[in-house]
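Here's a walk through the inside of this protein, starting with its enclosed spaces and moving on to a sheet and the helices across it. Have the structure open while you read.

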Amino acid sequence: MIDRNDFTPLYVQVYNLLKKELVHYPIGTNIPPERNLCEMYDVDRVTIRKALAMLSDEGYIERRQGRGTKVVCHEEKSVGTVLFLLSQGKKMKDRIGEPFYARSFDALEEQLQKMNKRLIYSKVLPSDDIWELCKNFEAQAVILACTPDDPILNRCKTLDLPIVCYNTCIEGIPSVTVDNDSAASVSVKYLIDLGHRNIGFIQVPGYVNSEKRLDRYMIEFNNFQIPKSNLCIVDGDWTEEGGYRAAYKLLSDSERKITAIFGGNDSMAIGALRAAKDLGLRVPEDVSIIGFDGIFQSSITSPSLTTLQVDLHSMAESTCMVLNYILTNRNLKDIKVLVSTNFIIRESTTSVK
């Protein structure tokens, strides 16, 4: 039965249950339709389709449009599992719903399928037994996303499994991450060239990416001989609501007269757009706003959001290449792969009037 108290994703639980049930259906016969499976396991259709997609990818079933799902194999398939561990951090319960990580998961899954491996996601808390998680999922390797709390990191380092860090850098573990220095440098120089001198920066304390981008902003302020006090720093939490609160605080300070905001990521920058509107400010005439990540939503805001777009396909491809090398040779030394960003200038930024 489905265990909703288990951290194992529902679609993985359904996958495991269905795989055991397939032996009761002769080869060539159809299993129950999706709506019946939804009722049987008390889950939604998206969950069922995800489980069926895994079974189809592994060659157990054949899904035919308008003709149902046919059983084509009973033999156990040898498919390696890669566990995608996403640390929840101190302020968020589950980050897999973030556009950046949702798209990352899809891109990684696509690449790993080419290696005959499946990707399974599990959120992880400081109290979790990492060894037990890997054992339960029969993991061959781990992709560790986000900066984890120290207890998680220390336990991950003791695993006798290949590990690659995704979207973060941790000493002693191969990492694939965004080139934060270059990206932040491009954005701050752009704002300064537009005449902005009082810039708000929405940071997320304790996260490597946020800290690196802030460090680069500080360096560029120094290079342009602009007082560091002109950079007004407030805390966010990667969410749109967190960006709204931070931007509202920045823009409500009449003494600072902030003319531009770096949102940290697109979600927080979108929140900043709302805050400016609620305060009666025009974007970009009164305040310019820049995001980071290049999620789809950034292109359909009003005004459209200037952002640094991350090449998630390259990040996923690089992560899987590093992982495959470790699985093959198991002697890869500490390596850090930096993925560049594409600076997309849209309607949310302009020069100071």
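Two helices, α4 (99-113) and α8 (208-223), each give at least two residues to the lining of the largest cavity, and the largest share, 3 residues, comes from α8. Before going on, note that this is a predicted model, where local features need pLDDT of at least 70, side-chain atom pairs count only at pLDDT 80 or more, and totals for chains, interfaces and linings use all residues. Numbering starts from 1 along each chain as its sequence is written, and side-chain values use heavy atoms, with hydrogens and water left out.

A cavity here is a set of points on a 1 Å grid over the protein atoms alone where a 1.4 Å probe fits but cannot get out, and lining residues have an atom within 4 Å of a point. Points are joined across faces, edges and corners, and the volume is the space filled by probe spheres set on them. Helices (H or I, at least four residues) and strands (E, at least two) are DSSP runs, numbered from the N terminus.

There are 2 cavities of 30 Å³ or more. In the largest, 16 residues form the lining, and Arg 95, Tyr 101, Asn 167, Asn 209 and Trp 238 are the closest to its centre. For the table, Ala, Val, Leu, Ile, Met, Phe, Trp, Tyr, Cys and Pro count as nonpolar, Asp, Glu, Lys and Arg as charged, and the others, Gly among them, as polar.

| Cavity | Volume | Lining by class |
|---|---|---|
| Largest | about 160 Å³ | 6 nonpolar, 6 polar, 4 charged residues |
| Second largest | about 40 Å³ | 4 nonpolar, 2 polar, 3 charged residues |

Around the second largest cavity you'll find, among others, Glu 98, Phe 100, Asp 266 and Phe 292. Helices α4 and α10 (266-278) and strand β11 (288-293) each supply at least two of its lining residues.

Now for the sheet. It's open, with 6 strands in the order β9-β8-β10-β11-β12-β14 and mixed pairing (two strands pair if DSSP finds at least two bridges between them). At the edges sit β9 (231-235) and β14 (341-344), each pairing on one side only. Strand β12 (306-310) runs antiparallel to β14, joined by 4 bridges, and Thr 307 stands opposite Ile 344.

Helix α7 (180-193) lies across β8, β10, β11, β12 and β14, at about 165° to β11. Helix α10, met above at the second cavity, lies across β8, β11 and β12, at about 155° to β11. These angles run from 0 to 180 degrees between N-to-C directions, with axes fitted to C-alpha atoms, for helices over the stretch in contact (heavy atoms within 4.5 Å).

How values were computed: 1 Å grid on protein atoms, 1.4 Å probe; cavity = no way out; pocket = protein on both sides within 12 Å on 5 of 7 lines; lining within 4 Å.
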